[in-house]
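Visitor: Could you walk me through this one, with the reasoning behind each label?
Guide: Gladly, let's take a look together.

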Amino acid sequence: MHLSTHNWMRAEPLETTLKRIKKFGYESIEISGEPEQYKTKETRALLKEHGIRCWGAVTLMLGERNLAAKNQGQRERSVQYVKDVLTMVSELDGEIITLVPATVGKVVPDGTEEEEWKWVVDATRECFTHAKKVGVKIAVEPLNRFETYLFNRGAQALALADAVSPECGVCLDAYHIHMEEFNVYDAIRKVGKRLFDFHVADNNRFAAGLGQIDWPKIVATLKEVGYDGALTNEFVAPVDRTPAAPYPEMVERHPVDISPEQLKFIQDHGSSVLTEKFYTDQMRITAETLLPLIK
C-alpha cells in the first residue's frame, strides 16, 4: 500500500499540490476528473519533476453527468465524459479510475429499478470496453445515501462490477462505508480481491485521525484481503458557520481559479474552498496517521 490523494478539494496549481504532498510522504495522486483542465504532456512533466506518479482519477459527476439517466443522449454524453477521463489517465500512465455512476447530489430516480439497472449496466460496459483499450482499470464507488440513491454499499457496487466484467472492480471510501455498511470490515472482506482503490477520510470527513474510525483495524483488514493499492486522501472538511467553529480560519474568503461548477460541488459537500494553511494541515495529519500503519 501507499499514500495518495485527490486534488479536487482545493483549487490551486497542480505544482503547488505536488510540492506539498511530496513533503509529507505521498507517492501518487488521483487527479481531478476534468480532462479539459489538464494538458497531459505538461502534467506528465510536472509529475516527473516532483517524483509523484498518477495513480488515477475520480469521475466528478456534476450537472448532467449520469450513467443511469433516463435520457439516452444524456447517458451517451456521460459515457463520453468517462471515456475522456480514462484516456487522460492512460496518457498520464495512471492505473485506475474511480467511477461514481450517477450524478452526485441526485437522490430521486429516473425510472424503475429494472430500467435504471439496464441503463447503468449498458453504459458502464461501454466505458469498460474503452478502459480495456487504453489499459486503465475501473473501480465502481458507492457513496452515502445523501449523495446518491443508486449505490450506497460495497455489495451494490460489486453487483454492477459483476454485471460488467470479472475484471471490473470496486472502490470503497472509509467515510461512506462508516455511514452505510452493517459491518465495515466485512464489507472490505466481501469485496476482497476486487478492491481496486480505497479512499480515506474520517467519519466526520476531516483528515484521517481526527474522528472515530479505527484506522489500525481498517489498514489491518486491507492487508488481510491482500489490498496493495493506494489509500487516497479525500477529506471534505465541513464548514462550521456558528461561533462554535473549532477552525474559524479554515475558509478561503477570496478563492481564485475555481469554476462555479466546482465551487458548487464542494459547497454541496458541506464544505468550501479551504485556506492553504488548513488544507496543508489536513494533508499532514492524514500522512502522520496512516504512513506508520502501512509501512
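Guide: Helices (H or I, at least four residues) and strands (E, at least two) are DSSP runs, numbered from the N terminus. By that count, the span of residues 19-242 is 42% helix and 16% strand, and its end C-alpha atoms lie 33 Å apart. This is a predicted model, where local features need pLDDT of at least 70 and side-chain atom pairs count only at pLDDT 80 or more, while totals for chains, interfaces and linings use all residues. Residues are numbered from 1 along each chain as its sequence is written, and side-chain values use heavy atoms, leaving out hydrogens and water.

Visitor: What makes strand S7 and strand S8 a pair?
Guide: Two strands pair if DSSP finds at least two bridges between them. Strand S7 (residues 195-200) and strand S8 (residues 230-233) have 3 bridges, in the parallel sense, so they meet the definition. Phe198 stands opposite Leu231 in S8.

Visitor: Why are S1 and S2 called edge strands?
Guide: The open sheet of 8 strands runs in the order S1-S8-S7-S6-S5-S4-S3-S2, with parallel pairing. Strand S1 (2-5) and strand S2 (28-33) each pair on one side only.

Visitor: How do you know that Thr40, Thr43, Leu47 and His50 line one face of helix H2?
Guide: These four residues of H2 (residues 40-50) are buried, a word used for under 20% relative accessible area, with exposed over 50% and partly exposed in between (1.4 Å probe, protein chains only). Down the axis of H2, the buried residues fall within an arc of 100 degrees, so they share one face; the arc is that of the directions from the helix axis to the C-beta atoms. The face turned away carries the exposed residues Lys41, Glu42, Lys48 and Glu49. Among the elements covering the buried residues of H2 are H1, S2 and strand S3 (53-59). After H2 comes Gly51, with a positive phi near 65 degrees.

Visitor: Why do Cys127 and Cys168 not count as a disulfide?
Guide: A disulfide is a pair of cysteine sulfur atoms within 2.5 Å. The sulfur of Cys127 is 9.7 Å from its closest cysteine sulfur, in Cys168, so the two are too far apart for a bond. The search of the whole structure finds 0 disulfides.

Visitor: Why is Cys168 called buried?
Guide: Its relative accessibility is 0%, so Cys168 counts as buried. Cys127 is buried too, with a relative accessible area of 0%.

Definitions and conventions:
Contact = heavy atoms within 4.5 Å.
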